[in-house]
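Got your viewer open? Let's take a short walk through this model, one selection at a time.

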Amino acid sequence: MAYTAHDVVDWTGYLFHAEVDALQDWARSLPTDPVVVNIGAGNGTSGLAFLQARDDLFLWTVEKQRESSPFGCLEGEWAVLEKAGLWPCRRYGYLHGDSSAEGRNWKEGSIDLVFVDADHSYAGCKAHMEAWLPHIKPGGLLVVHDYKKDERYAQPIEGKAPHPKAWHGVDQAVDELLIGSYEIVGRVDTAIAFRVPTQAEVKKTRVRRAVGKRVNPKEKSDDG
Ligand SMILES: C[S@@+](CC[C@H](N)C(=O)[O-])C[C@H]1O[C@@H](n2cnc3c(N)ncnc32)[C@H](O)[C@@H]1O
């Protein structure tokens, strides 16, 4: 039987099983030939999940660590892809470097989905999102991992699960930058997915705001 991202979960527990399914569902919701950017190779769980979700998906992994590290590295992801029979892979590219710098220098065109699971500090997570958000297509998805782990760990946990350490920096960065500004399209365990608005939606919001400004409450009649 084929080696899958669920086998990697059973081995390392970097993601919940349901998160693997959610990443694959979100990937399958994208248009034809989607481009996905996976920030943080880790042990290759998310990378393999995306590549196994559909055959027309092109995956870029962005990772600062090339060789063996307890936190994850490019070579770890490559080993997992090889074990799954996906190596060498023509649907895969990688950037070896700091994700925020790589995002600012990105010249490979627009992206359908970005998955953020790298630097879990407030400044680091925020910098990842700010660097990559401008490259996501209108209607595309930004997915962040390890959001509100406290809430998830207050619920029963079954089977292999990620380490319970909460990442309050991730919570704060997501709350400040995304909550209330972007539509939430899904939340599974600690993975949360936001949709980047289309041009038409941005225009509509601007018009609504402009109309709102023209109605000055002080100038309204008493019954208004
Ligand atoms: C939690 S692991 C990612 C797990 C991965 N999503 C998986 O499913 O296996 C975090 C990874 O992000 C990498 N990382 C941390 N800070 C980074 C940065 N600023 N730029 C690029 N990679 C970074 C780490 O080296 C590590 O491999």
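Start by selecting the ligand and what lies around it: 22 residues surround the ligand, and the closest are Gly40, Gly42, Thr45, Ser46 and Gly72. Keep in mind that you're looking at a predicted model. Now colour helix 3 (45-53) and strand 2 (58-63), the elements that each give two or more residues to this shell. Try colouring the shell by residue class, too: you'll get seven nonpolar, 10 polar and five charged residues.

Next stop: helix 6 and helix 8. Select residues 122-132 for helix 6 and 168-177 for helix 8, and look at how the two pack, with their axes 7 Å apart and an angle of about 40° between them. Are they parallel, perpendicular or oblique to each other? An angle under 35 degrees would count as roughly parallel and 65 to 115 as roughly perpendicular, so helix 6 and helix 8 are oblique. The crossing of helix 6 with helix 8 is right-handed.

Zoom in on where they touch. On the helix 6 side, pick Tyr122, Cys125, Lys126 and Met129; they meet Gly169, Val170, Gln172, Ala173 and Leu177 of helix 8. Sorted by class, this contact has six nonpolar residues, two polar and one charged.

Last stop: click on Glu151, which you'll find in helix 7 (residues 149-153). Is Glu151 buried, exposed or partly exposed? Glu151 counts as partly exposed because it has 13 C-beta neighbours inside 10 Å, while 20 or more would make a residue buried and 12 or fewer exposed. To finish, draw a C-alpha to C-alpha distance from Glu151 to Gly47: they sit 26 Å apart in space and 104 residues apart in sequence.

How values were computed. Residues numbered from 1 in each chain as written. Predicted model: local features only at pLDDT ≥ 70, side-chain atom pairs only at ≥ 80, totals over all residues. Near = placed C-beta within 6 Å. Helix = DSSP H or I, 4+ residues; strand = E, 2+ residues; numbered from the N terminus. Nonpolar A, V, L, I, M, F, W, Y, C, P; charged D, E, K, R; others polar. Axes fitted to C-alpha atoms, helices over the stretch in contact; angles between N-to-C directions. Parallel < 35°, antiparallel > 145°, perpendicular 65-115°, else oblique. Left-handed = near helix turned anticlockwise from the far one by under 90°. Contact = placed C-beta atoms within 7 Å.
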